[in-house]
Amino acid sequence: MENWSLFSLCVLLGLTSRWAVSFHSYSGAGKPPMFGDYEAQRHWQEVTYNLPVHEWYFNTTNNDLNYWGLDYPPLTAYHSLVCAYVAKLLNPEWVELHASRGYESHSHKLFMRATVLFTDILIYIPAVLLYCFYFCDGSSKQKVATALCILLYPGLILIDYGHFQYNSVSLGLALWGILGLGLGWDLFGSLAFTLALNYKQMELYHSLPFFCYLLGKCIKQGLTGRGFFQLAKISLTVLVTFALCWMPFLSDPKQPLQVLHRLFPFGRGLFEDKVANTWCSLNVLIKIKTLLSRETQLFLSFALTLLFILPSSLKLLSKPNLWQFKLALVNSSLAFFLFSFQVHEKSILLAAFYCTHLGFCLFLRLMFFLFVFFHSMLPLLVKDGLLLPYVVTSLAFLFLSLYLLSALERSTEEELRLGIYRKLTRHWLPKLNLSRIIKWKFWFSLVAMAVLSFTSVWLEPPAKFPDLFPVLVSILSFLHFLGFIIYFNLVQLMEPQRKKSQKKTN
Amino acid sequence: TVMAAPMTNDQSWFYALALGVSFLKCLLINAYHSTDFEVHRNWLALTHSLPVSQWYYEATSEWTLDYPPLFAWFEYGLSHIACFFDKEMLVVPNLNYASPATVLFQRLSVIVADVVFFYAVKECCKCLREDKGKDLLGKPSFILTGLLLWNFGLLIVDHIHFQYNGFLFGVLLLSIARHCQNRHFEGAFLFSVLLNLKHIYLYIAPAYGIYLLRCFCFTQSNAVLVTLGTIVLSTFAVSFGPFIGQLPQVLSRLFPFKRGLCHAYWAPNIWALYNIADKAFSILGVKFRLLDINKLPKASMTGGLVQEFQHSVLPSVSPLATLVCTLLSILPALFKIWHRPNGARGFLRCLVICALGSFMFGWHVHEKAILMAILPLSLLAVDSRKDAGIFLMLSVTGHYSLFPLLFTTQELPIKIFLMLLFTIFSLASLKTLFRKGGALLNPLEVTYLLGLIPLELICEFVYPLTVWQKTFPFLPLMLTSVYCALGVTYAFIRLYNSLLTCSDTTKKTKMQ
């Protein structure tokens with residue numbers, strides 16, 4: 001069959017599963033007074049449509065910041081404004097100031113879901129297709145298989161079309177950024193990534209790799225000649241994009257400060273809820289949240305994030321090629337997820353997303369990783385009433401990956417890049433068959449996750465520890481993530497470059 | 001080019017396709033379901049709560065039992081599992097009861113019953129000619145599996161609209177497969193079982209009857225005929241046995257002729273064209289003052305209710321007339337396989353023609369019945385390029401005519417995506433299969449099929465925004481039916497043509 005038909009089949013399957021998941025519940029459905037993320041998005045449409053720009057991020061009588069105040073950068077606000085215009089055309093009740101709080105109806109749900117689908121088709125899906133077409137090695141069938149796996153990735157589908165968010169916009173824009181850099185269009189890539197950053201500040205997790213890659217490239221071209229001009233052009237693009245996005249807020253110096261205050265709520269503490277990162281897990285043993293002062297917490301998280309991110313960034317700076325770039329993206333997002341301030345569970349999506357792109361050679365760890373991440377979002381999804389789509393999409397993704405990528409067959413030691421571990425353990429345990437250990441570990445983790453999922457859904461926790469199961473889930477996930485960040489850092493720092501991926505290096 | 005992953009098992013792609021479509025069906029559990037959902041819930045309730053003697057008399061709900069007894073026993077079996085999901089659904093007075101557990105149970109029962117369909121498709125794949133060493137995506141068995149398992153019509157009728165067609169078509173396809181494998185007793189048995197599950201398959205009973213009599217009975221000893229007769233009769237006896245006393249009541253439930261010529265949504269058959277012609281003549285007649293507007297019956301043809309009414313200009317059509325037309329339309333095909341059987345392929349072709357003929361000329365035909373022609377035609381489509389072309393015409397048109405079944409806005413993207421999915425798959429795969437020898441569809445056919453896109457845009461997007469939505473709400477349905485009726489009629493004529501010319505070529509080779 002021709003390529004275009006195979007690719008279109010993948011897209012259609014992706015779109016069908018997305019829309020089918022959207023039939024289910026959304027976050028905060030029927031739960032007054034605060035509802036959930038769905039109501040937050042609707043509220044932002046209401047605020048941006050009815051209030052003037054300078055009031056969007058401020059606490060006024062018309063805009064109560066305690067009720068889902070805007071806490072994403074301006075591009076999200078503009079997007080909400082556009083959606084609000086459409087909403088007003090269809091049914092003005094949806095965006096009535098104050099009166100539309102908690103508005104829930106079937107047609108409104110359809111409208112909101114349709115906005116997600118629209119931006120998905122516009123931004124995310126073309127980026128995925130182009131990525132698979134240009135940057136995947138292997139035959140065209142392998143490219144199609146990769147595209148299918150990415151498009152059917154349960155995390156994004158469940159968060160965007162179930163819980164309700166617009167992650168596909170920021171992830172899509174970041175992906176366009178990667179595409180741009182990969183094809184050598186640095187300006188386009190920086191533009192796209194800057195837009196992604198202006199859509200969701202979580203993309204800061206990936207900003208350091210982008211910066212180091214571009215800087216490294218410019219340095220390689222010679223800082224006194226072409227490289228300098230290139231750097232100047234890139235910086236200009238970035239600054240102009242920022243200026244354009246923030247233009248309405250630049251008139252008054254108080255505005256940008258307030259926006260930044262909303263984007264980075266340092267007042268809210270080290271973490272909220274149960275999230276699979278260091279602080280939450282550490283909190284089980286030592287109550288650091290109450291033990292240390294706010295400033296110390298801030299400093300500690302900053303220091304540790306920097307510690308874990310510096311080696312990979314420096315390596316990328318010295319060797320700016322695509323493979324290092326991808327690894328740096330994963331490492332950077334993982335480091336931020338594990339050690340940063342006020343991390344939300346959904347941020348793991350950023351790290352997992354780039355793991356999907358690392359290509360066939362790494363897929364065992366990839367699959368493993370994707371699974372673990374996904375599992376750490378189980379409590380959130382159960383709360384939203386999305387158990388059925390969770391089970392179906394994750395099983396489907398698991399079987400699809402196993403079938404198409406024949407996961408466990410190809411995990412020879414070389415494939416797993418266990419050379420590093422080999423070197424380390426050769427002295428103590430020379431007879432170790434590492435690949436078999438990895439396989440056993442995979443199945444063991446899978447079983448453990450399945451058991452925990454089952455218990456967290458169906459069993460009642462003991463009264464003394466009401467949060468037992470979510471905490472266990474977070475801790476298990478955290479341990480895996482820690483293992484992964486160490487592993488990926490080792491791969492990036494110690495591996496020689498893959499010969500296969502020479503295709504599109506600049 | 002070979003698939004990325006080496007297949008450890010030659011058949012693993014089959015299970016991948018089956019599992020994939022099952023996952024999709026699970027995701028559709030929360031979709032819209034039609035009144036057919038309540039119909040089956042009611043049947044679960046009445047078979048569970050009432051004694052056998054009451055099954056065909058029960059009339060608390062308007063959805064009385066109108067399938068043959070074996071299906072009632074099937075529902076009875078299901079009701080015992082339903083106990084574990086929600087006991088309330090088995091209470092007969094609980095009309096329109098649709099708790100989440102009920103929906104889950106009923107949807108899962110359809111998904112699980114589809115296992116019969118999977119097995120049947122596997123058996124059908126065995127009947128195909130395979131060339132070794134071909135790329136997986138170009139293998140006839142792969143394409144057939146995709147065309148059957150992922151059939152758009154089955155997906156939306158069974159898993160959204162809600163019915164048990166997958167299970168029933170599984171029995172049909174299994175019976176066909178058995179005939180292809182020359183296991184005729186099993187085939188006949190399966191078909192008798194099928195008739196006792198849903199009597200709509202009477203449409204294709206003539207094909208079975210003629211084929212079996214011709215090929216099987218008269219060429220071998222009388223003992224064969226007797227065995228066959230015993231199998232069929234004993235199946236009917238087991239099924240109708242407990243109801244022997246209430247036979248008239250059962251038959252009146254099974255064949256309700258009080259319903260109108262056209263089902264509410266106007267199946268795209270000859271009568272749709274006939275009705276349109278009648279309407280056109282009456283409008284023209286009034287315009288040119290040939291007819292008196294007061295003498296005409298009210299314009300209830302465009303209404304959605306199921307009624308009997310008279311035509312205004314052309315002669316009215318009675319059930320007997322449709323029966324005669326149907327028989328006339330399938331008689332030539334039956335004669336053909338009587339004189340020149342042509343083996344299992346000829347039988348299959350005749351079966352499709354019988355199904356399509358009954359669809360075209362039958363009384364109160366539901367557009368879902370087009371599936372009875374499309375699914376067996378898939379088997380022929382992967383074998384010959386002429387049939388592939390006819391299949392493409394019929395399947396795209398037939399599937400499009402099912403669109404009005406899902407009229408909710410929420411299901412609109414799903415039906416468009418799934419329709420595109422199936423159409424692109426069938427077009428691309430059949431094109432690859434019959435790469436040599438030119439295009440499968442001629443330009444006229446391509447134009448007709450492309451015309452479905454503006455039709456869809458007009459009917460679902462443009463028309464609802466116009467003024468006429470209030471005054472003539474059923475105009476889009478009428479347009480859809482008429483447009484599709486043209487395609488279906490064309491496919492019917494081409495099928496007949498291929499049947500007649502097919503036997504002509506065998507005549508030629510014989511003479512040489």
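Start at the beginning of chain B, where pLDDT stays under 50 over residues 1–8. This is a predicted model, and for that stretch it has 17 contacts beyond four places in sequence. At residues 504–512 of chain B, pLDDT again stays under 50, and there the model has 2 contacts beyond four places in sequence. Zoom out to the whole of chain B and the mean pLDDT is 85, with 88% of the residues reaching 70 or more. As for the complex, the predictor gives it an ipTM of 0.89 and a pTM of 0.90.

Now look at how the chains meet. Chain B puts 37 residues into the contact, and chain A puts in 34. Between them they bury about 3,200 Å², and carbon and sulfur atoms give 80% of that area. Which three residues of chain B supply more of the area it buries against chain A than any other three? They are Leu27(B), Gln410(B) and Phe417(B), and together they supply 22% of what chain B buries there.

Turn to chain A next. There are 22 helices in this chain and 0 strands. Of its 506 residues, 58% count as buried. If you take the contacts in chain A with a separation of 6 or more, 76% of them come from residues 24 or more positions apart.

The N-terminal part of chain A has some backbone details to linger on. Between α1 (3–21) and α2 of chain A runs a loop that holds Pro33(A). The peptide bond leading into this proline from Pro32(A) is cis, with omega near 0°. Phe35(A) sits in the loop between α1 and α2 as well, and it has a positive phi of about 55° although it isn't a glycine. Is the Phe35(A) residue buried or exposed? With a relative accessible area of 18%, Phe35(A) falls under the 20% cut-off, so it counts as buried.

Follow the chain out of that loop and you reach helix α2 (residues 37–50) of chain A, whose axis comes within 12 Å of the axis of helix α4 (residues 106–135) of chain A, the two crossing at roughly 85°. That angle is why α2(A) counts as roughly perpendicular to α4(A). On the α2(A) side, the contact is made by Tyr38(A), Gln41(A), Arg42(A) and Gln45(A), while α4(A) brings His108(A), Lys109(A), Phe111(A) and Met112(A). Sorted by class, this contact of α2(A) with α4(A) has 3 nonpolar, 3 polar and 2 charged residues.

Another residue to check in chain A is His98(A), in the loop between α3 (74–90) and α4. His98(A) isn't a glycine either, yet its phi is positive, about 70°. Its relative accessible area is 39%, so His98(A) is partly exposed, whereas Phe35(A) is buried.

Back to chain B, and to helix α5 (residues 140–149). How many of the 10 residues of this helix are buried? The count is 10 of the 10, which means that α5 of chain B is largely enclosed by the rest of the structure. Walking along α5(B), the buried residues are Pro140(B), Ser141(B), Phe142(B), Ile143(B), Leu144(B), Thr145(B), Gly146(B), Leu147(B), Leu148(B) and Leu149(B).

Further on in chain B, find Asp387(B) in helix α16 (residues 385–401). This aspartate has a relative accessible area of 1%, so it is buried. Leaving out residues up to four places away in sequence, Asp387(B) touches Arg349(B), Leu380(B), Ala381(B) and Ser498(B). Take Arg349(B) from that list: it's 38 residues from Asp387(B) in sequence, and the C-alpha atoms of the pair are 9.6 Å apart.

Finish at Phe461(B), which you'll find in helix α19 (residues 452–462) of chain B. Its relative accessibility is 37%, so Phe461(B) counts as partly exposed, in contrast to the buried Asp387(B). Again not counting residues up to four places away in sequence, Phe461(B) touches Leu412(B), Ile416(B) and Glu456(B). For a sense of distance, Phe461(B) and Glu367(B) are 94 residues apart in sequence and 22 Å apart in space, C-alpha to C-alpha.

Methods
Residues numbered from 1 in each chain as written. Chains lettered and ligands numbered in written order. Predicted model: local features only at pLDDT ≥ 70, side-chain atom pairs only at ≥ 80, totals over all residues. Heavy atoms only, no water. pLDDT = per-residue confidence, 0-100. Contact = heavy atoms within 4.5 Å. Axes fitted to C-alpha atoms, helices over the stretch in contact; angles between N-to-C directions. Helix = DSSP H or I, 4+ residues; strand = E, 2+ residues; numbered from the N terminus. Parallel < 35°, antiparallel > 145°, perpendicular 65-115°, else oblique. Nonpolar A, V, L, I, M, F, W, Y, C, P; charged D, E, K, R; others polar. Buried < 20%, exposed > 50% of the residue type's maximum accessible area, 1.4 Å probe, protein only. Buried area = accessible area lost by both parts, 1.4 Å probe.
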